[in-house]
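Q: I've got this model open and I'd like a close look at one part of it. Could you walk me through the part you'd start with, and then how the rest relates to it?

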Amino acid sequence: MVEQDLKDKVLSWAKQISIPVEGEVEAQVRKLLSPHPFGSLSELTQILKPKPPYVGPGIWLRAIGRPPKGEGHA
Amino acid sequence: MSFLDSEQMIIILDALESVTNGMENPGLLEQIKDIPRGSKLRPYVDLVFALQAYYGQNPTRVRAYVTSIPDGSPPARLKPLLSFLAGLTKDAPEGMVDREILKALQQRKSYLETTLEEAEQFLAQNHEESFSDSIAYLIRELYGKFPEPSKQLTLWAWEKIQEKGWDGSLLDAHLKMIFGDLEATRLKALYLLHSGRPGAFQEWTSFLMKLLHTEPRNVKTVEASFMIWIYAAIQEHSDSRRLQEILEVLVRKHPQLKAKYEKVLEDLTSAERCVFARNGSSSLTVGRTVHLPVSSPERCVSPSRKKRDFVQLELFPS
């Protein structure tokens, strides 16, 4: 969403009408107006995926052109 | 001896081994985390932390570390794959090694993914009850480990319920069980504020009223809630009785806020009274009522001193 964030809208409104907003109150405003809605559900599906299997270091090291330990590495 | 065979590199490789074999070693990660940006070893460190973030299912951190890896360095070869695995890009890289890793990491759908798909089907088939049950189940399951996404999912669910024109009472009941009454009310009000739909003021009023009746409360939280409440009041067309209810409780419990917000409330109340008078209606629901330019002929004539005092007496009963 390109639109200005709700937290910023409220805080800039407060500033516009000269309400002094202390740091702690601003933090509370931000907390109370959080979280921001999902832009898309794909943000959630990443979290819902099961933890990936641990495949060990070898496959990753080969991918960067580095032999795994025991294959040329002391 | 090249830097790639240095002792530090051995520690980095041990750290990489620990994050990719499921036996993460915080001591090793601690030892490598401060290797400076300028070091030739730093791209390897960023790769270790990108992998750690991937296994920790934290796409934001994956993005941060992948971005830090300079193009041209050997670890940069894994940037497209890690971005894809973390859901940051749509298309899988086509390299042979990439395909090999993807195959090794292939995984079945989790039961939570299946539940989300079911919820989306219920939504498409207009089954409010089943949709509410499935979504509430997901929200509950997520809440312990991922509190923020579970609340984002709540906002999404309210949006869908609103789009469908459903009643939402079943979801509401579920959410009160999950988050408690106060937080569930805040989330519903928050959705309405974000969406700009009518009802935000009313919901935020309910939230503020509940907050004011919950003890003990941090006064800064009350003040912030109160500020948002005034914001909602001027965005929407507030009901004078609800304004009055809140103000009465507020002045009794938090009199120190009176002085700070007196002027804003006076403006808000007098502007609404102006509309009230113009429309002759018992509710204040016609037209935006505040922030008319001072010179505007539409602006309400400033109340006399006597009138202002009368307004103040009503706003802040002793």
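A: What follows is a look at one tryptophan and the packing around it, then a walk outwards to other helices, loops and the second chain.

Keep in mind that this is a predicted model. Let's start at Trp204(B), which sits among the residues with the most contacts inside the largest nonpolar core. That core has 55 residues, and the others at the top for contacts are Val29(A), Ile135(B), Ile228(B), Trp229(B) and Ala232(B). Notice that this list has a residue of chain A in it, Val29(A). Helix H13 of chain B, residues 219-235, gives the most to this core, with 11 residues.

So what does Trp204(B) touch, leaving out residues up to four places away in sequence? The partners are Ala189(B), Leu193(B), Ile228(B), Trp229(B) and Ala232(B). As a bit of background, nonpolar side chains tend to be buried together in soluble globular proteins.

Now for the helix pair around this tryptophan. Trp204(B) is one of the residues through which H12(B) meets H11(B). Helix H11 of chain B covers residues 181-195 and helix H12 of chain B covers residues 200-212; their axes are 8 Å apart and the packing angle is about 155 degrees. Angles over 145 degrees count as roughly antiparallel, and H11(B) and H12(B) are therefore roughly antiparallel to each other. The crossing of these two is left-handed.

If you want to colour the contact, H11(B) brings Asp181(B), Leu182(B), Thr185(B), Arg186(B), Lys188(B), Ala189(B), Leu192(B) and Leu193(B). From H12(B) come Ala200(B), Glu203(B), Trp204(B), Ser206(B), Phe207(B), Lys210(B) and Leu211(B). Sorted by class, this contact has 8 nonpolar, 2 polar and 5 charged residues. Ala189(B) and Leu193(B) turn up again here, having already appeared as partners of Trp204(B).

Another residue from that core list, Ile135(B), leads to a second helix pair: Ile135(B) is among the residues that H8(B) puts into its contact with H7(B). The axes of H7(B) and H8(B) come within 8 Å and cross at roughly 155 degrees. That makes H7(B) roughly antiparallel to H8(B), and H7(B) passes H8(B) in a left-handed crossing. On the H7(B) side you'll find Leu112(B), Thr115(B), Leu116(B), Glu118(B), Ala119(B), Phe122(B) and Leu123(B). Facing them from H8(B) are Ser130(B), Phe131(B), Ser134(B), Ile135(B), Tyr137(B), Leu138(B) and Glu141(B). The class split for this contact is 9 nonpolar, 3 polar and 2 charged.

The turn joining that pair is worth a click too. Asn126(B) lies in the loop between helix H7 (111-124) and helix H8 (128-143) of chain B. Its phi is near 65 degrees, a positive value in a residue other than glycine. Asn126(B) counts as exposed because it has 10 C-beta neighbours inside 10 Å.

Two more loops of chain B deserve a stop. Asp167(B) is in the loop between helix H9 (147-164) and helix H10 (169-179), and with 11 C-beta neighbours inside 10 Å it counts as exposed. In space, Asp167(B) is 8.6 Å from Glu128(B), C-alpha to C-alpha, though the two are 39 residues apart in sequence. Gln57(B) sits in the loop between helix H3 (42-55) and helix H4 (59-68) of chain B. Gln57(B) has a positive phi of about 55 degrees although it isn't a glycine, and its 19 C-beta neighbours inside 10 Å make it partly exposed.

What about chain A, where Val29(A) comes from? Chain A has 4 helices and 0 strands, and 23% of its 74 residues count as buried. The contact between the chains takes 39 residues from chain A and 48 residues from chain B. Helices H1 (6-16), H2 (23-32), H3 (42-48) and H4 (58-63) of chain A each supply at least two residues of the side that touches chain B. H3(A) gives the most to that side, with 6 residues. By class, the chain A side divides into 27 nonpolar, 6 polar and 6 charged.

One last backbone detail in chain A: the peptide bond from Ser34(A) to Pro35(A) is cis, with omega near 0 degrees. Pro35(A) is in the loop between H2 and H3 of chain A.

Note on methods. Residues numbered from 1 in each chain as written. Chains lettered and ligands numbered in written order. Predicted model: local features only at pLDDT ≥ 70, side-chain atom pairs only at ≥ 80, totals over all residues. Contact = placed C-beta atoms within 7 Å. Nonpolar A, V, L, I, M, F, W, Y, C, P; charged D, E, K, R; others polar. Buried ≥ 20, exposed ≤ 12 C-beta atoms within 10 Å, placed from the backbone. Axes fitted to C-alpha atoms, helices over the stretch in contact; angles between N-to-C directions. Parallel < 35°, antiparallel > 145°, perpendicular 65-115°, else oblique. Left-handed = near helix turned anticlockwise from the far one by under 90°. Core = buried A, V, L, I, M, F, W, Y, C linked by C-beta atoms within 7 Å.
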